[in-house]
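Here are my notes for you on this one, written as numbered points. Keep the viewer open while you read and look up each residue as it comes along.

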Amino acid sequence: VQLQASGGGLVQAGGSLRLSCAASGNGFEISDMAWYRQAPGKQRELVAIISFSGRTTYANSAKGRFTISRDNAKDMVYLQMNSLKPDDTAVYYCNMHRGLADYWGQGTQLTVSS
């Protein structure tokens, strides 16, 4: 399994951005997918999860602003981020969880300027 995250960049506070993650390999449709982020000097934290059945869960910091979605036909997962804040600045990682296995992408940098 390989995960390729993209879509990061520099955006002003209040702006929007969509991250994408392309998965290769088998089993996407039976895997839970998630976005994590890691800010400088901080631990990696969960942002949002979408289960194989489409159920979504969000961190409190993401609720009401971020939307995770998936396209099983394309083996893609997305994170739509609105009303961005400087505190959202971090490297965002795509994660696939299936059974006892976890797979990680390389991360994409988001910087939100004030």
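1. Start with L17, which stands opposite M81 in β8. This is a predicted model, so treat the pairing as part of a prediction. The two strands involved, β3 and β8, run antiparallel and are joined by six bridges.

2. Now look at the other partner of β8. Strand β7 also runs antiparallel to β8, again with six bridges joining them. One pair to pick out is I68, whose bridge partner in β8 is L79. Between β7 and β8 there are four residues, making a hairpin, and D75 there takes a positive phi near 55°.

3. How much of β8 is covered? Five of its six residues are buried, so "mostly covered" is a fair label, given that buried stands for under 20% relative accessible area.

4. Which residues have the most contacts inside the largest nonpolar core? They are W35, L79, M81 and Y92, in a core of 27 residues. You've already met L79 as the partner of I68, and M81 as the residue opposite L17. Several strands each supply at least two residues of this core, among them β1 (2-6), β4 (32-38), β5 (45-50) and β11 (108-113). As background, nonpolar side chains tend to be buried together in soluble globular proteins.

5. Next, the cysteines. The count comes to one disulfide, formed by C21 and C94, with their sulfur atoms 2.1 Å apart. It links distant parts of the chain: C21 sits in strand β3 (residues 17-24) and C94 in strand β9 (residues 90-98), 73 residues apart. If the term is new to you, a disulfide is a covalent bond between the sulfur atoms of two cysteines. The link of C21 and C94 is left-handed, with -85° about the S-S bond.

6. Are those two cysteines buried or exposed? C21 has a relative accessible area of 0%, so it counts as buried. C94 also comes out at 0%, and therefore it is buried too.

7. Follow β9 onward and you reach another hairpin. β9 and strand β10 (residues 101-104) run antiparallel, joined by four bridges. R98 stands opposite A101 in β10. Two residues lie between the strands, and G99 in the turn has a positive phi of about 65°.

8. Have a look at G9 as well, in strand β2 (residues 9-12). What does G9 touch, leaving aside its neighbours within four places in sequence? The contacts are L17, Q109, L110 and T111. G9 and L110 are 101 residues apart along the chain, yet their C-alpha atoms are separated by 5.0 Å. G9 has a relative accessible area of 26%, which means it is partly exposed, because that class begins where buried (under 20%) stops and exposed is over 50%.

9. Finally, zoom out. The protein chain has zero helices and eleven strands. Its radius of gyration is 13 Å, and a compact globule with 114 residues would be near 13 Å, so the two agree. The C-alpha atoms fill a box of roughly 40 × 25 × 20 Å along the principal axes. Of the 114 residues, 41% count as buried. Among contacts with a separation of 6 or more, residues 24 or more positions apart account for 53%. The accessible surface is about 6100 Å², and 47% of that belongs to carbon and sulfur atoms.

Note on methods. Residues numbered from 1 in each chain as written. Predicted model: local features only at pLDDT ≥ 70, side-chain atom pairs only at ≥ 80, totals over all residues. Heavy atoms only, no water. Buried < 20%, exposed > 50% of the residue type's maximum accessible area, 1.4 Å probe, protein only. Contact = heavy atoms within 4.5 Å. Disulfide = S-S within 2.5 Å. Core = buried A, V, L, I, M, F, W, Y, C linked by side-chain atoms within 4.5 Å. Pairing = 2+ DSSP bridges. Rg over C-alpha atoms; globule rule 2.2 N^0.38 Å. Areas by Shrake-Rupley, 256 points an atom, 1.4 Å probe, with all protein chains shown as cover.
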